[in-house]
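These are my notes on the model, set out as numbered points. Please read them beside the sequence and the coordinates.

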Amino acid sequence: LTVSYPNTPDILMTETSQRESSNLSSFSAFISKLVSSGATWGSKCPSTHDVDDVDDVDGIPPSPFVRTLSGVKYGDESTKQSLDLYYPEDYASRHLGVRDETKDGTDKRDDGSEHPSQLPVFIHIHGGGWSRGDKNNRFYGVPSVCRTMASAGCLSIAVGYRLGEYPRFVEDACLGIRWIYDNVSKLGGDKQNMFLAGHSAGGHIASLIMVRHETFLQQPHSIPPDFLRGMILLSGVYDLFEPMKKASIDVKNKWYKLAYVWPAFGTDAQLLLENSPLLLLDPDAKNGLETNALEEKVELIDSPLLDKIKSVGLGGLGAVASLPKKVVKKRLKDAGENNNDDDTNGNSNDDISSNSDIKHKECENREVVETNDIEDVKNKGKSDGCDVFMVNTALPPTLIMNASHDMGLELNGELMCNAMSKYTEVEYVRVPHTDHASLCWNKEAAEKMKKFVQSHLCSPDKEGKVGD
């Protein structure tokens, strides 16, 4: 899985001798086009950790430096709609126009052999409570995480997005991913080895767009559900109602909703539920008390709907909808047997007013279906006058990490791990001696991320199976 050449971060590099999809000169040409459009190369900078602090693999030392191409535009509505590309410095110097040409104008090693041209791609979405933060701010995690993964041999890409009201930040993240997906080979990335990560609110966005892949990536951008080799979630928020461990006097969750959730998503209970990936996967997730995570939401969601959610399992959560919907459990691989196909009426358009009074509205014609024939269900839904709300269970292998002091989000991470483990391979790690921010530049966390990516690389000689 690795290719060695002097002073190059090889621990995650893909063997490309059997699978060359791009001409090296096209890399430089495309990068030059990006630079002419306003992107800028930064000077080479050290990786997050000193070289002596980063373990090597197979005796190959990591790169001490990375180089960043900042301000790559993927949208025209805001300067926030841009990407920062982090390359191993040696790779950038040899392949992407920030280098000295060899005498014959080609990119070759000193011994005349070709350099590998494709890097695993690590896409990272920053945090900041959806309403603040930036991909250039170390406190929100991006530079440290991206430099770490670039120094290990990845093309790391930080996604910027517009802050403020939902769904702009989700749509921007998906638009950025679409741009990366369409141009990855021109950037020197390997389309067969793409990984998605997010920290805090970015972890919420990353998990949400995969759990609701059909809505956010498939329909608007034609990105298939199996485009990722893996996903890494750092101190994410997976329940917009009660992301922090609940206590008898639940000050933390009330504060969090007032400070972060309601300014970004509003107070519509139905919308909050539809954008809580944990509750889409497991409505019975415990939240720290004897009651389950949705028990207190009976005030927000009428009992028939709550019963409906529990009775139909995963697909049933799609039943909370502002319009009549046909709910589909998208099942591209075995997703468990605990589901029913009953249908009933529920309530929707729940609005939390200033005095927390709840207004209910009946939503009829709801049907829950588990099927592999997605298009047939869509067509039938249209003929019945129904929209289709789909929950994706074809989730990629995932690493979920929390800090040891994580504002109470630790339990939320464990619950998300348990919920996802019904459908995919999931590893949960709580990193000692870290807090919500320092998790992103912690050495142990960095090693976990690198080993996760390496263990899930697609080996070209195994026809798409996870590499050893």
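1. Buried is used here for a residue under 20% relative accessible area, exposed for one over 50%, and partly exposed for anything in between, with a 1.4 Å probe and protein chains only. Cysteine 440 counts as buried because its relative accessibility is 2%. Cysteine 154 is likewise buried, at a relative accessible area of 0%.

2. The model is predicted, so local features need pLDDT of at least 70 and side-chain atom pairs count only at pLDDT 80 or more, while totals for chains, interfaces and linings use all residues. Residues are numbered from 1 along each chain as its sequence is written, and side-chain values use heavy atoms, with hydrogens and water left out.

3. A disulfide is taken as a pair of cysteine sulfur atoms within 2.5 Å. The count by this rule is 0. Cysteine 154 is in no disulfide, and its nearest cysteine sulfur, in cysteine 146, is 9.9 Å away. Why is cysteine 440 without a bond to the closest cysteine sulfur? That sulfur belongs to cysteine 146 and lies 9.9 Å from the sulfur of cysteine 440, which is too far.

4. A nonpolar core is a set of buried Ala, Val, Leu, Ile, Met, Phe, Trp, Tyr and Cys residues joined through side-chain atoms within 4.5 Å. The largest has 78 residues, and Trp130, Leu187 and Leu196 have the most contacts inside it. Helix H4 (residues 168-183) supplies the largest share of this core, 8 residues; helices are DSSP runs of H or I with at least four residues, strands are runs of E with at least two, and both are numbered from the N terminus. Another core, of 20 residues, lies apart from it and includes Val145, Phe195, Ile232 and Ala403.

5. With contact meaning heavy atoms within 4.5 Å, which residues does leucine 196 touch, leaving aside neighbours within four places in sequence? They are Ile123, Ile125, Ile177, Ala206, Ile209, Met210, Leu228, Gly230, Met231 and Ile232.

6. Helix H12 (residues 410-420) is mostly covered, with 8 of its 11 residues buried. Among them are Glu410, Asn412 and Gly413 as well as Leu415 and Met416. The cover over the buried residues of H12 includes helix H5 (201-211), S8, helix H9 (277-281), strand S14 (398-405) and strand S15 (426-435).

7. In helix H6 (residues 213-221), the buried residues are His213, Glu214, Phe216, Leu217 and His221. Serine 222, just after H6, takes a positive phi of about 55°.

8. Lysine 245 is in the loop between strand S8 (230-234) and helix H7 (251-265). Lysine 245 counts as exposed because its relative accessibility is 51%. Its C-alpha atom is 8.8 Å from that of methionine 407, although the two residues are 162 apart along the chain.

9. Serine 37 lies in the loop between helix H1 (24-36) and strand S1 (40-41). At 48% relative accessibility, serine 37 is partly exposed. The C-alpha atoms of serine 37 and lysine 73 are 8.2 Å apart, for residues 36 apart in sequence.

10. A charge sits over a ring if NZ of Lys or CZ of Arg is within 6 Å of the ring centre and within 35 degrees of the ring normal. The charged end of lysine 191 sits over the ring of tyrosine 181, 4.0 Å from the ring centre.

Methods: Contact = heavy atoms within 4.5 Å.
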